[in-house]
Amino acid sequence: MTESYDSASNGPRPENRFDDLLPNARQNTGVSTALDKNVPVAIDVQGIEKKYGEIEAVKGISFQVERGEVFAFLGPNGAGKTTTIRMLCTLARPTGGSAKVDGFDVMQQPTAVRRRIGLVFQEPTLDQQLTAEENLQFHAVLYRVPRDQVEERIESVLRLVDLQDRRKDLVSTFSGGMARRLEIARGMLHTPAVLFLDEPTIGLDPQTRALMWKDVLRLRNEEGVTIFLTTHYMDEAEYADRIAIIDHGTIVALDTPDHLKKMVGSDTVELTTSNNTLASSNLETQGFSVKVGDENVVVFADNGESQVTSIIEAAGVPIQNVRVHRPNLDDVFLHFTGRQIREGPAERSFPMHFRNFGHRR
Ligand SMILES: Nc1ncnc2c1ncn2[C@@H]1O[C@H](COP(=O)(O)OP(=O)(O)OP(=O)(O)O)[C@@H](O)[C@H]1O
Ligand SMILES: [Mg+2]
């Protein structure tokens, strides 16, 4: 494989959720980078590192991905996401550590690894002048899909991404989202055990990103493939079973979305009142954990939404405004790295409880 690589752009946030697909998701409760020893491991990374001269792109990271898991690498530009994928896909040689994919060592057994993986690059790599079908047929030859299985696989992967109707159309007539979904279909054509998706939703509109996630979850649910994907987007990382937050070549946190959010803190209920000092003291008397800000009172409360009525009653003064904020992955990233995901160099953050009150999820 010699496709070109790299660079990134930003896109909008998805609006749709697909809870209908989520019940099939595994419930993962691990809190460390290693899985329980009885869990079947699809990707096993031990202290892998990559140096480009002086640049330490990946600084000796370790993690494991369970078979059938959707595992997300979440991090800003230059964090080391693509470099990690390149090493796991045998396109870049680690300068330290080791990794196994589907049981095969990426350095000792690269050919076996390549046979077991599918890869969707960060940059589009379809041939625009070929039809969807021709792109898939070409890939089937490259990956030596047995001839008598090609037709069945093409039908199957086009169905997985809902592109059966566009089979005979030139890729040059496809929208960006359709082309991206066709790339995912192509990555699945040779029935890989592990599918790597480098920024699969980048630059796509919210509706298309939602469709893409449906595809990803369907691949896992119907084909049982393990999926390793990278993203900049906090909101969509929440659909993954587990998330590793990577920053400056290091994993700064790794857990389920729920656990990561819980580590960051409880919900907050922000009250703007006619007398914040009195409200605060009333709330404290009633046993609430409270902080008085410049213009408001912040109450820390699990399940903040369900406690709003009792908080308002306990405040005992006229209320002008109420906002509930539930920690999301933006807060998680800020909590673990001290900066917003899209900011440049690290800068001192506000405590998370004093940001983003208007941004409720
Ligand atoms: N071939 C290379 N030669 C030199 N430095 C490189 C090379 N590839 C990556 N790097 C450097 O390694 C670091 C990590 O890059 P990488 O592409 O892995 O980041 P990323 O997390 O994928 O970022 P993005 O979100 O922008 O895709 C960056 O500092 C980058 O400049
Ligand atoms: Mg990248």
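This text walks through two sheets, the helices that pack on them, a helix pair and a ligand shell. The model is predicted.

Start with the six-stranded sheet. It is open, and its strands run in the order 6-7-8-3-9-10. The pairing is mixed. Strand 6 (117–120) and strand 10 are the edge strands, and each pairs on one side only. From one strand to the next, the twist averages 15°.

Two pairings in this sheet can be followed residue by residue. Strand 3 (residues 70–74) runs parallel to strand 9, and four bridges join them. Here Leu74 has Ile245 of strand 9 as its bridge partner. On to the next pair. Strand 9 (residues 242–247) and strand 10 (residues 250–255) are antiparallel, with five bridges. Ile246 has Ile251 of strand 10 as its bridge partner. Strand 9 and strand 10 form a hairpin with two residues between the strands. In that hairpin, His248 takes a positive phi near 50°.

Now look at the helices on this sheet. Helix 5 (residues 176–188) lies across strand 6 and strand 7 (194–198). The angle between helix 5 and strand 6 is about 165°. Helix 6 (residues 206–223) also packs on the sheet, where it touches strand 3, strand 7 and strand 8 (226–231). Its direction makes about 160° with that of strand 8.

Move to the four-stranded sheet. It too is open, with the order 12-13-11-14 and antiparallel pairing. Strand 12 (289–292) and strand 14 (319–325) each have a single partner strand, so one side of each is left without a neighbour in the sheet. Neighbouring strands are turned by 20° against each other on average, direction ignored.

At one edge, strand 12 pairs with strand 13 (residues 297–301) in the antiparallel sense over four bridges. Ser289 stands opposite Phe300 of strand 13. Two helices cover strands of this sheet. Helix 9 (residues 276–285) lies across strand 11 (267–273), strand 12 and strand 13, and runs at about 165° to strand 12. Helix 10 (residues 304–315) touches strand 11, strand 13 and strand 14. Its direction makes about 35° with that of strand 11.

Next comes a helix-on-helix contact. Two packed helices are described by the angle between their axes and the distance between the axes. For helix 8 (residues 257–264) and helix 11 (residues 329–337), the axes come within 9 Å and cross at roughly 60°. Angles of 65 to 115 degrees would count as roughly perpendicular and those under 35 as roughly parallel, so this crossing makes helix 8 oblique to helix 11. The crossing is left-handed. Helix 8 makes the contact through Pro257, Leu260, Lys261 and Val264. Helix 11 answers with Leu329, Asp331, Val332 and His335. By class, the contact has five nonpolar, one polar and two charged residues.

Finish at ligand 1. Its shell holds 14 residues, and the closest are Tyr52, Ala57, Lys81, Thr82 and Thr83. Which elements supply at least two residues each to this shell? They are strand 2 (55–66) and helix 1 (81–88). Helix 1 gives the most, with three residues. By class, the shell around ligand 1 has five nonpolar, seven polar and two charged residues.

Definitions and conventions
Residues numbered from 1 in each chain as written. Chains lettered and ligands numbered in written order. Predicted model: local features only at pLDDT ≥ 70, side-chain atom pairs only at ≥ 80, totals over all residues. Axes fitted to C-alpha atoms, helices over the stretch in contact; angles between N-to-C directions. Parallel < 35°, antiparallel > 145°, perpendicular 65-115°, else oblique. Left-handed = near helix turned anticlockwise from the far one by under 90°. Contact = placed C-beta atoms within 7 Å. Nonpolar A, V, L, I, M, F, W, Y, C, P; charged D, E, K, R; others polar. Near = placed C-beta within 6 Å. Pairing = 2+ DSSP bridges.
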